[in-house]
Amino acid sequence: MIAFLIQQVLVITTVALAFYLSNIILSIDDIKEAMSGKSYLESQYFKDQLINKIYSANQFMDYQKDFEVAGEYNGNKEVTISQFLNDNSEMSQFSETQIYSLQDLVDWSQGQIEMISLYEALTDYLYGTNNIEATSKPATVMDADADEIDSDESLTADYKTFSDNMKSLGIAVTSDMLQIEVPKENYLTTKTSLIDYCLENDDFSEIEKISMEMQEALNNIAEEYTFYNQYAAYFKSVDSSNFKIYIQDYKGDILFNNCVGDNTNYEEYFNNNISCGIIYNATTNEFSFTNFIIDDVYSNVDLFKIPDQVNYIYAVGIDSRYLHSDEFSVANYNYDHNRDSIIVLVVSMLIILICFIYLVAVSGRSDKDEEIHLNGFDKIKTEIGAGIGIVIGAGILGFFPINSLNNRLSTQVLVIGVMGLESMLFTLEFLSLTKRIKAGQLWKNSILYMIIKWSRIFFRYRKVTTKIVILYSAFLIITLGLLDIVFSDGSFFMLLVWFVFVGVVGIILLREAVARQRIMNGIEKITSGDLDNKIDVTDLKGSNQLLAQAINNIGEGLHNAVDASMRNERLKTDLITNVSHDIKTPLTSIINYVDLIKRENIEDEKIKGYVDILDKKSQRLKNLTEDLVEASKISSGNIKLEMTKINFVELINQTEGEFSEKFGAKGLQVIKTIPEDSVSINADGRRIWRVVENLYNNIAKYAMENSRVYIDLKADKDQVVFSVKNISEHPLNINADELTERFIRGDVSRSTEGSGLGLSIAKNLTNLQKGTFEIYLDGDLFRVTITFPRVV
Amino acid sequence: MFNILVCDDDKEIVEAIEIYLLQEGYHVLKAYDGKEAIKALEQNEIHLLIMDVMMPKLDGIRATLQIRQSSSIPIIILSAKSEDNDKILGLNIGADDYVTKPFNPLELIARVKSQLRRFTKLGNICEEENGTVYKTGGLLIDDERKTVSVEGESVKLTPIEYNILLLLVKNKGRVFSIDQIYENIWNEDAVGADNTVAVHIRHIREKIEINPKEPRYLKVVWGIGYKVEKI
C-alpha cells in the first residue's frame with residue numbers, strides 16, 4: 001500500500017517534470033553531457049547553437065548586399081533580377097541588364113504575381129484597353145475575349161492570324177509564343193517594360209525564359225526578405241541579443257557590429273564581456289579566443305569567410321552576462337536547471353519502476369498465508385477488465401498532446417491531475433492483471449473460457465442438449481406459427497389450438513417438476529439414513545422412472561452393505577467366542593497338568609523354574625482369552641446393560657479396598673481428592689466396576705514403584721469427572737489414542753503380564769454407558785479422565 | 001466313601017480331575033458323553049456329578065434335564081462357556097454349581113466338598129436359626145460362641161470382621177453402604193472417603209469364599225454397598 005502511494009506521488013511529479021522539460025528539447029547526448037558536469041558553454045548544445053548563429057550571420061550578410069545600401073535597408077536600391085536567381089550562369093539578357101527598384105520587387109513578391117498570355121499582353125499593348133476602341137481590334141480578338149469556351153482549335157487559328165498580322169507589322173512572334181504566360185505589363189523596370197524591350201530588340205525568343213526567371217526571383221525575394229527582417233531584428237539591434245558580432249575590414253571600416261558604440265575598441269570589449277569570443281584575422285588566417293577553450297569546431301575557416309573581402313577581422317561571441325533574454329539565455333538557464341530536473345526525473349522514474357515491480361511481485365499476497373487474494377474487480381471477467389484497462393491506457397496517451405497545444409498553467413494542472421488519476425487506475429488495472437496471472441485466473445475467468453466450457457458441456461451431453469434444443473425450437477416454431485396465423489387470419493380456431501398446445505406443454509412441465517421433487521424427497525430420505533425407503537416408480541415415466549429405479553437400487557445396495565457389515569461384526573464376535581471356547585479346553589488340560597506337576601516333589605530347581613514359567617504363561621493365556629471375548633463383545637455393542645443409580649464415591653472406596661494390598665505391595669501412595677457426599681451417575685454397576693478395576697489394575701501393573709497415584713473425583717451440577725494420574729514405570733513412547741487400541745500396551749516389549757485390552761475395554765464400556773474416556777500423556781505422566789453426566 | 005461321576009469328552013481333563021478327586025479320597029467314575037453319564041448313573045450309586053456342557057451325542061444341558069427327572073444328586077457343570085447367560089441357564093435347569101474352564105483345581109475340589117456336605121448333611125444336621133445362630137446357605141454364625149463356619153468348616157475372623165459379617169448376615173439380602181457399616185460397627189459418624197470397611201470386607205471374603213472374586217455369600221454391589229445373599 002505504501003509502495004503504491006509512493007509510486008502515485010512520483011508518477012504525478014514525473015508527469016509535472018516531463019511537462020516542464022518539454023519546453024526545451026535536449027537530446028540524449030546533451031543530457032549525458034549535462035549529467036557529466038560540463039557547463040553550458042562547454043557543451044555541444046551550445047556549440048551547435050553558436051555555429052548556427054554564425055551561419056545565420058553570414059547568411060544575413062549575404063542578404064544585406066541585396067537589400068541594403070550603406071548598412072541600411074533602401075527601397076530605392078537598383079537591383080537586377082539576376083541577383084535573386086539560384087543559377088545566374090545562363091540567364092537572359094533582360095534579367096541581367098534591366099534594373100528594377102528593390103521596393104517594387106519586394107512589394108510584388110509579397111502578393112500574387114498576375115500572369116497573362118503574351119497574346120493578351122500584346123493586344124493590350126498594341127490596342128490598349130482604354131484608349132483604343134474595340135472596333136479597331138481584330139474581330140478575332142473580340143471573339144476570344146467574348147467567348148471563353150472557344151475551342152483550342154479556333155484559338156490556335158486566332159493566334160495564327162494574329163501572328164501573321166504581327167509579321168506584317170514587322171514583329172516576329174510565332175503563334176506558339178503567343179500562348180506563353182508573362183507577367184502583366186504593369187511590372188515595370190525603372191526604364192522599360194518587357195513588351196517594350198522585346199519590341200525594341202525585335203526579339204520575342206527569350207520571352208519564356210524571362211518570364212520564368214521573373215517568377216523564380218520573386219519567390220526567392222519573398223523568402224529572403226522574410227529572413228532578412230528576422231535577422232535584422234536580431235543582429236542589428238544592440239539590445240536584443242546576447243550574440244555579439246563585429247567585423248572590420250583592413251582599412252578599419254566596420255562592416256558589421258552589434259556590440260556597442262562604434263568608438264569602443266572591440267578587443268577590449270570582447271576581453272571584458274565575452275566569455276567565449278572567437279576572433280578570426282583573415283589577413284593572417286589566425287584565430288584567437290577570449291576566455292575560451294580552443295576547440296577545433298570553431299577553427300573552421302570556412303565559417304568566417306566573407307565574400308569579396310580578403311583582409312578583415314571577424315569577431316563573434318556570446319555575452320555571458322546574458323543581459324538580454326534570447327535563446328542563449330534560455331538555453332543556459334535550462335541547461336543548468338534541467339540537469340537537476342533530469343536527475344530528479346531519472347531517479348523518480350527508477351523509483352516508479354522499482355515500486356511497480358514491487359507491486360507486481362506482492363500483489364494479491366498477504367502476510368497471513370500463501371494464497372493469492374482476489375478482490376471484487378479481479379473477479380470481473382478478463383475481457384471486461386482488459387477493456388477498462390485499454391480505455392484507461394488510451395486516456396493516458398490521449399491526454400499528452402493537449403500540452404503541446406496549450407501551454408497555460410491551468411491546462412497543465414488539469415492534465416497533470418488527470419494523468420495522475422489515470423496512472424493510478426492503470427496501475428491498479430495492471431496489478432489486477434498480474435494477480436489474475438498469478439492466481440491462474442487470467443484464462444479461467446474469461447468470457448471466452450466460459451463460452452468454450454459451455455460449448456464443451458453442450459457437446460459432451462449432446463444427446464440431451466440437442467434434444468432439448470430441437471424440442472425448444474419446435475415449441476417456438478409451432479407457437480409462433482400458430483400466433484402468426486391467428487394474427488394474420490384472425491382465426492379463432494387457431495387461437496384455440498394455440499391455447500391447447502401451450503396448456504399441454506405447461507402440464508408436461510408441471511408433471512416433470514412433480515416427478516423431480518418426488519425423486520429429490522427419496523434421495524433425501526436415503527441420505528438421512530432411511531435406507532429402506534423406496535421411491536414409488538409406478539406413475540413415473542421415461543427417464544424419471546429410470547432415475548428413480550436407479551436410486552432405489554442404490555438405496556437397496558446401501559441397505560445390504562450396512563446389513564452385511566452388521567452381520568459381519570456379529571459373526572466376528574461369534575467366531576472369537578467359539579475360538580476362545582476351543583482354546584479353553586486344551587488350556588484347561590495344560591493348567592491342570594502343570595498344577596499336577598507342581599504337586600509332585602520336584603527336587604531339580606531347574607525343572608521347578610520351568611514349571612513356574614509354564615504356570616504363569618498358561619494363566620496369562622487364560623486371561624487373554626477371557627479379555628479377548630469381552631473386548632470383542634463390548635466393541636461390537638453385543639452386551640446388555642443394567643443401568644442403575646451408582647454412587648461414584650462408594651465405588652471408589654470399594655475399589656480401593658480391593659486394591660489396597662496390590663498397591664501396598666508396589667509401594668504406591670494414593671492421594672485421593674473426592675467429595676464426602678454421594679455423587680451419583682447412571683451406570684451398570686458391574687460394568688462401571690470393570691472400568692474402574694481396569695484403571696486400577698493398569699496402575700498396579702504399570703505405575704512406577706513407590707510413586708504417588710492421584711485419584712480425583714469432581715462433580716458439578718451436570719458432570720462427574722473422575723481422573724487417575726500416575727507416573728509410568730516405562731517410557732510411554734506412543735500416543736494416547738494408540739493406548740486404547742486393542743492389544744496396545746505401554747511397554748512395547750510386552751514383558752509384563754496383561755492382555756493389552758484393559759484400556760480398550762474400559763474405554764468402550766465407558767462409551768457404552770454414555771460416558772467419555774480420555775487419555776492424556778505428558779512424558780511419563782499418565783492420566784485418564786472419565787466423565788459422566790450427573791444424576792441427582 | 002463318595003462316588004463321583006466325571007463326564008467330559010476330553011479324556012485328559014477327566015483324568016486330571018480324577019487324580020485330584022482320588023487325592024481327596026473319592027471314588028471316581030468316568031463318562032465321555034451325556035448318554036454314558038446317564039447310563040453310569042442308572043448302573044451305579046453316584047453321589048455327585050461333574051459334567052461338561054459341550055459333548056457329543058447328548059450335551060450337558062440335556063443330560064442334566066433328564067437326570068433331574070429322577071435324581072436330586074448334586075450336579076456341578078464344568079464348561080468353557082463363561083457367559084452370564086450360560087451360567088444362568090445351567091443353574092436354572094437344575095445344576096447346583098457352575099465352574100468355568102479353565103478352572104482352578106483347588107476351587108473345583110472345594111466346590112465338590114461343599115456340595116457333598118450340603119447334600120449329605122441336609123436334613124440330618126439341621127442347625128435351626130434361633131436367637132443366637134444365623135445362617136445362609138452353608139455359612140453359619142453362632143453369635144453365642146462367636147464362631148463362624150462355612151459348610152461345616154470353621155473360619156477364623158478378627159472381631160471387626162466378625163461384627164461386619166454378623167451385621168450383614170443378620171440382615172440377609174439388605175445392602176449396606178460403607179458409611180452405614182462403619183456407623184454400625186464403630187458407633188461413630190463416618191468420616192467418609194475411607195476404605196477401611198472395604199478392606200475388611202475383602203478380607204472376610206477371602207476367608208469365607210471358595211473364590212473371592214466370584215463370591216457366593218458376601219457380595220459387592222458396586223457403587224452401592226455390600227450384602228450377604230439370602231440362600
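## Working through a two-chain model

β6(B) and strand β7 (residues 139-142) of chain B pair in the antiparallel sense over four bridges. Strands here are DSSP E runs of at least two residues, helices are H or I runs of at least four, and both are numbered from the N terminus; two strands pair if DSSP finds at least two bridges between them.

A bit of housekeeping: this is a predicted model, where local features need pLDDT of at least 70 and side-chain atom pairs count only at pLDDT 80 or more, while totals for chains, interfaces and linings use all residues. Residues are numbered from 1 along each chain as its sequence is written, and chains are lettered from A and ligands numbered from 1 in the order in which they are written.

**Exercise 1. Find the order of the four-strand open sheet in chain B, and say what packs on the sheet.**

Step 1. Reading across, you get β6-β7-β8-β9, with antiparallel pairing.
Step 2. At the edges sit β6 (133-136) and β9 (153-155) of chain B, each pairing on one side only.
Step 3. For the register, look at Thr136(B): Leu139(B) in β7(B) stands opposite.
Step 4. Now add α6(B), which packs on the sheet and touches β6, β7 and β8 (147-150) of chain B. The direction of α6(B) makes about 110° with that of β7(B). (Axes are lines fitted to C-alpha atoms, for helices over the stretch in contact, and angles run from 0 to 180 degrees between N-to-C directions.)

**Exercise 2. Describe how α6(B) and α7(B) cross.**

Step 1. Take helix α6 (residues 159-170) and helix α7 (residues 178-186) of chain B: their axes come within 10 Å and cross at roughly 120°.
Step 2. Classify the angle: under 35 degrees is roughly parallel, over 145 roughly antiparallel, 65 to 115 roughly perpendicular, and the rest oblique. So α6(B) and α7(B) are oblique to each other.
Step 3. List who meets whom, with contact meaning C-beta atoms, placed from the backbone, within 7 Å. From α6(B) come Ile160(B), Asn163(B), Ile164(B) and Leu167(B); from α7(B), Ile181(B), Asn184(B) and Ile185(B).
Step 4. Sort them by class: five nonpolar, two polar and no charged. (Nonpolar covers Ala, Val, Leu, Ile, Met, Phe, Trp, Tyr, Cys and Pro; charged covers Asp, Glu, Lys and Arg; the others, Gly among them, are polar.)

**Exercise 3. Is Leu218(A) buried or exposed?**

Step 1. Locate Leu218(A) in helix α11 (residues 207-236) of chain A.
Step 2. Count neighbours: 21 other C-beta atoms lie within 10 Å, so Leu218(A) is buried. (The cut-offs are 20 or more for buried, 12 or fewer for exposed, partly exposed in between.)
Step 3. Skip neighbours within four places in sequence, and the contacts of Leu218(A) are Leu105(A), Trp108(A), Ser109(A) and Ile113(A).
Step 4. Check Trp108(A): 110 residues away along the chain, yet the C-alpha atoms of Trp108(A) and Leu218(A) are separated by 7.2 Å.

**Exercise 4. Which element of chain A gives the most to the side that touches chain B?**

Step 1. Start with the totals: chain A puts 31 residues into the contact and chain B 28.
Step 2. Shortlist the elements of chain A supplying at least two residues each: α20 (542-599), α21 (605-635), β12 (643-647), α22 (648-666) and α23 (685-702).
Step 3. Pick the top one: α20(A), with 11 residues.
Step 4. Finish with the make-up of chain A's side: 10 nonpolar, 11 polar and 10 charged residues.

Note on methods: Contact = placed C-beta atoms within 7 Å.
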